[in-house]
Amino acid sequence: MSSEASEKIESVLKETRLFPPPAEFVEQAHISSEEKYQEMWNRAKDQPAEFWGETAGNLHWFKKFDTVLEGEMPNTKWFTGGKINACYNCVDRHLHTWRKNKAAIIWEGEPGDTRVLTYQDLHREVSKFANVLKKLGVTTGDRVTLYMPMIPELAIAMLACSRIGATHSIIFGGFSADAVADRNNDAQSKLVITADAGWRRGKEVPLKTAVDESLEKSPSVEKVVVVRRTGAEVTMVDDRDYWWHELMEDVSADCEAVELESEHPLFILYTSGSTGKPKGVLHTTAGYLLGATMTSRWVFDLKEEDTYWCTADIGWITGHSYIVYGPLSNGATTIMYEGAPNWPDEGRFWEIVEKYQVNIFYTAPTAIRAFIKWGDEFPNKYDLSSLRLLGTVGEPINPKAWMWYYEIIGGERCPIVDTWWQTETGGCLITNLAGITPAKASWATLPLPGVQPVLVDEEGNEAKPAPTADGAVITSGNLCMKAPWPGILRTTWGDHDRCRQTYFSTYKDLYFTGDGALRDENGNYRITGRVDDVLNVSGHRIGTAEVENAINMHAGVIESAVVGYPHDIKGQGIYAYIIAEGVKPEDEERQRQNILQTVTRIIGPIAKPDKIQFVNGLPKTRSGKIMRRILRKIAEGQTDNLGDTSTLLDPAVVETIAKGKV
Ligand code: WTA
């Protein structure tokens with residue numbers, strides 16, 4: 001560990017301030033005491049079938065399941081024999097209650113246009129679009145790609161897919177045509193749903209054009225549905241491309257939700273790992289939905305009258321679970337915002353909080369760090385007193401950002417939940433509970449019921465507690481899970497062995513998260529970050545191998561090595577060391593720009609390196625392995641004391657690289 005990294009951890013370990021939830025909050029919370037939490041946690045551990053069997057009563061079942069859990073990780077099956085539909089749970093079941101005319105989705109477009117869909121409205125739109133899907137030949141079991149802006153049609157399309165049992169694969173709008181094609185091919189998608197373009201900081205993001213390009217390389221796609229959003233000019237191909245609004249004109253609003261097996265594939269979501277190829281994480285219907293539903297209720301303490309806003313993009317897991325499935329299954333009111341936080345100015349989020357009197361606000365540390373940089377005057381201009389609970393997700397939150405969030409946004413009144421989880425976990429696993437767990441700045445704190453974390457050393461032995469310099473006793477290790485939970489990933493699409501190898505083979509009988517963590521004497525966890533070759537850039541997961549592959553596609557690049565380095569706003573920045581054929585110093589800048597363009601074309605702008613250093617050689621061991629540890633240190637700015645370089649093929653190369661640091 002670098003001295004900078006260990007200093008950071010030390011300062012976090014000294015963090016002894018605890019922030020107990022205010023008494024008024026505790027009184028009304030769903031889980032209202034530490035004893036209650038302990039009782040639930042113990043029961044979920046000792047009697048999982050009973051605990052989850054009962055908890056599953058919070059969902060609507062067409063037919064009750066016979067067995068709660070079958071099999072061992074990674075081959076678990078939950079709620080077998082049951083018949084269920086996620087869309088029915090998120091929409092139809094509320095129609096039989098007073099929620100029928102409650103706002104389900106409050107949407108705000110970036111230009112300021114707004115739409116509100118009640119549960120009844122949502123039911124109509126979803127049913128109609130489900131009929132459109134059927135008309136276009138989509139049936140239960142087919143895969144459908146969604147590459148859309150944050151508009152209500154995205155939620156409608158997701159729910160319409162789940163209504164008829166089609167498996168959706170949502171691709172974040174920031175990915176390139178090539179990335180869309182790869183994902184279409186892997187999932188063998190039959191249909192793509194997109195928009196003419198989306199809005200981002202007042203500019204149009206040409207989604208349909210990217211889809212057109214992707215289809216040249218993804219032949220499984222037969223048809224495309226296009227939402228008219230910005231009015232951008234697009235090419236429509238006869239018998240392939242259809243306008244959403246035209247299709248919706250002549251379909252009925254009557255479409256029964258299909259009764260599906262509990263383990264029916266609900267969605268695929270591609271995510272990065274330590275290899276070059278993103279994996280299609282598969283979640284199935286009942287287990288995932290139960291996780292999303294219960295964690296929304298437990299963690300965010302969702303109440304009937306709350307206006308809840310998660311600022312994520314639905315293209316990532318956070319948006320799947322905590323904008324759409326979790327909140328809607330609970331019958332909540334969820335806000336969806338289309339655009340950037342700094343458009344038309346840096347106060348946009350706070351304007352939205354005031355306008356809709358948001359009660360629960362869930363965002364990412366990278367956003368919080370950007371808000372700090374933009375200045376307090378933006379939040380201070382707005383009335384944020386409606387807020388009662390704040391949340392963060394996606395990366396470790398540093399104490400400074402945590403305190404700012406607590407004081408400036410939460411007015412020292414709102415508990416903060418620091419929720420740790422992953423695409424693969426479906427929903428939150430480790431987090432404080434708003435009503436009961438005292439928050440500890442930058443600690444995710446405790447495991448939810450049904451979650452059994454364990455910290456292990458490299459060999460897989462349980463890590464031992466050790467005293468730190470300032471008197472704390474801390475256990476440090478790689479974070480694993482001992483037991484399955486309903487929302488655990490079931491497979492990686494089309495390659496179950498890859499799933500087994502990636503997550504379940506590093507340590508025997510454990511699910512390995514890829515994260516490192518610390519545990520204090522009271523059982524609180526602090527996630528310290530990835531221990532594999534996965535970067536977390538502005539909360540986006542990006543594999544170093546993926547970026548290297550993209551860079552290597554550029555003509556003239558011989559080899560590259562990508563590492564992360566600490567970045568004030570993004571959490572981690574991308575640093576690329578590149579060996580390129582005959583780059584003269586005067587050509588370096590042009591070459592850099594060209595490489596950035598290549599990365600944008602192959603993956604998307606989110607994967608563009610922040611720094612590129614041209615080098616003549618990379619530090620390799622005699623067996624040819626790149627010593628990333630050394631490259632990481634140099635990227636972090638630590639150019640002396642680089643550790644043992646004696647095993648390197650050519651130790652001199654390190655010095656040259658360190659001298660040329662950008
Ligand atoms: C990181 C996002 C620290 C972690 C839901 C994990 C966090 C990866 C936290 C998953 C948190 C997520 N504290 N780190 N509260 N939440 N992470 O799949 O490294 O996009 O493995 O899921 O984000 O990213 P993913």
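Here is a short walk through two strand arrangements in this predicted model.

Let's begin with strand β23, residues 473–481, which is mostly covered, with 7 of its 9 residues buried. Which strands pair with β23? One of them is β21 (residues 453–456), joined to β23 antiparallel through 4 bridges; here valine 454 sits opposite cysteine 480. Another is β25 (residues 511–519), also antiparallel to β23, with 6 bridges between the two. In that pairing, look for glycine 477 of β23 facing alanine 517 of β25.

Strand β22 (residues 466–467) pairs with β23 as well, in the antiparallel sense and over 2 bridges. Proline 467 has valine 473 of β23 as its bridge partner. Together β22 and β23 make a hairpin with 5 residues in between, and in the turn glycine 471 takes a positive phi of about 90 degrees.

Now turn to the open sheet, whose 8 strands follow the order β12-β11-β8-β6-β7-β14-β15-β24 with mixed pairing. Its edges are β12 (241–243) and β24 (491–492); each has a single partner strand, so one side of each is left without a neighbour in the sheet. Further in, β8 (residues 191–195) and β11 (residues 223–227) run parallel, joined by 5 bridges, and alanine 195 stands opposite valine 227.

Two helices can be placed against these strands. Helix α7 (residues 152–164) lies across β6, β7, β8, β11 and β14, and runs at about 175 degrees to β6. Helix α9 (residues 207–215) lies across β6, β8, β11 and β12, at about 155 degrees to β8.

Definitions and conventions:
Residues numbered from 1 in each chain as written. Predicted model: local features only at pLDDT ≥ 70, side-chain atom pairs only at ≥ 80, totals over all residues. Heavy atoms only, no water. Buried < 20%, exposed > 50% of the residue type's maximum accessible area, 1.4 Å probe, protein only. Pairing = 2+ DSSP bridges. Contact = heavy atoms within 4.5 Å. Axes fitted to C-alpha atoms, helices over the stretch in contact; angles between N-to-C directions.
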